[in-house]
Every structure is written in structure tokens, then in C-alpha cells.
Amino acid sequence: FYGTQEAVKLPRRGLGVEYRLPQLANELRVLRHARHPNLVQMHGAVIDARAGRFGVLLELVAGENLHTFISNGLGTNAAVQY
């Protein structure tokens, strides 16, 4: 996206496209209006209709993933620390 690195969120395999499309559409509706310094910015979506695949393009944020953050015990008092 204009020379910046992007993260691509892809749905988990194993669920049918018909099941995932409504969830993706809802997520896109919410994310396109979400603006906050503590939220990852959505830049767009990529859809391959023939293959039945899609992804959401997100701002790439350096650091650990949310699962690791919470597993290390930081998630319980993060608001106090930051």
C-alpha cells in the first residue's frame, strides 16, 4: 500500500467459503470506519472469486502477536502499564 509493508489476514482453512463470507463482510464494515491510534488500520481487501479465497490487508505492526502478549501475562494489566 503506497510502499509500506502490509499484513494479510487470511481465514482459517476448513470452513466453507459460504460460511466465511458473511463474517468477512461484517468485519470489513466495522474496520473501514474504525479510526483510533491503538487499532491496526485496515487498508483494504483482496478477493479471488474464482478460487473462493480472500484476505484483509492490514497495517503491519512490529512486535509480538496478541496470543504471545496475553500468554506472557501482560494482557491482564496492560492498561495500567500503557
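In the predicted model, Val-46 is positioned opposite Gly-55 of strand 3. This pair belongs to the antiparallel contact between strand 2 and strand 3 (residues 53–59), which are joined by six bridges. Two further pairs can be placed along the same two strands: Ala-45 faces Val-56 of strand 3, and Ile-47 faces Phe-54 of strand 3. Strand 2 and strand 3 together form a hairpin, with four residues between them. Within the turn of this hairpin, Gly-52 adopts a positive phi of about 70°.

Strand 3 is also paired with strand 1, again in the antiparallel sense, and this contact comprises four bridges. Here Lys-9 stands opposite Val-56 of strand 3. Val-56 therefore has a partner recorded on each side, since Ala-45 stands opposite Val-56 as well. The resulting arrangement is an open sheet of three strands in the order 1-3-2, with antiparallel pairing. Strand 1 (6–9) and strand 2 (42–48) form the edges of the sheet, each pairing on one side only. From one strand to the next, the twist averages 25°. In general, the strands of a sheet pair through backbone hydrogen bonds, in either a parallel or an antiparallel manner.

At the level of the whole chain, the secondary structure consists of three helices and three strands. Their succession along the sequence follows the pattern β-α-β-β-α-α. The chain contains 82 residues, of which 16% count as buried.

The largest nonpolar core is made up of seven residues, namely Leu-24, Leu-28, Leu-31, Met-42, Phe-54, Val-56 and Leu-58. Two elements, helix 1 (17–31) and strand 3, each give two or more residues to this core. Such grouping accords with a general tendency: in soluble globular proteins, nonpolar side chains tend to be buried together. Val-56 and Phe-54, both members of the core, also take part in the strand pairs described above, Val-56 opposite Ala-45 and Phe-54 opposite Ile-47.

Leu-58, another core residue, lies in strand 3. Leu-58 counts as buried because its relative accessibility is 16%, which is under the 20% limit. Leu-58 and Leu-31 are separated by 27 residues in sequence, and their C-alpha atoms are 9.8 Å apart in space. A contrasting case is provided by Val-8 in strand 1. With a relative accessibility of 49%, Val-8 counts as partly exposed, because this class covers values between the 20% and 50% limits. Val-8 and Leu-60 are 52 residues apart in sequence, with a C-alpha to C-alpha distance of 8.6 Å.

The largest pocket encloses about 730 Å³ of space. Its lining comprises 22 residues, of which Asn-38, Leu-39, Val-40, Val-61 and Leu-66 lie nearest the centre of the pocket. Classified by residue type, the lining has 15 nonpolar, three polar and four charged residues. Strand 1, helix 1, strand 3 and helix 2 (66–71) each supply at least two residues of the lining. Strand 1 gives the most, with three residues. Helix 1 and strand 3 thus appear in both settings: each supplies at least two residues of the pocket lining, and each gives two or more residues to the largest nonpolar core. Strand 1, an edge strand of the sheet, likewise contributes to the lining of the largest pocket.

Key:
Residues numbered from 1 in each chain as written. Predicted model: local features only at pLDDT ≥ 70, side-chain atom pairs only at ≥ 80, totals over all residues. Heavy atoms only, no water. Axes fitted to C-alpha atoms, helices over the stretch in contact; angles between N-to-C directions. Core = buried A, V, L, I, M, F, W, Y, C linked by side-chain atoms within 4.5 Å. Buried < 20%, exposed > 50% of the residue type's maximum accessible area, 1.4 Å probe, protein only. 1 Å grid on protein atoms, 1.4 Å probe; cavity = no way out; pocket = protein on both sides within 12 Å on 5 of 7 lines; lining within 4 Å. Points joined across faces, edges and corners; volume = space filled by probe spheres on them. Nonpolar A, V, L, I, M, F, W, Y, C, P; charged D, E, K, R; others polar.
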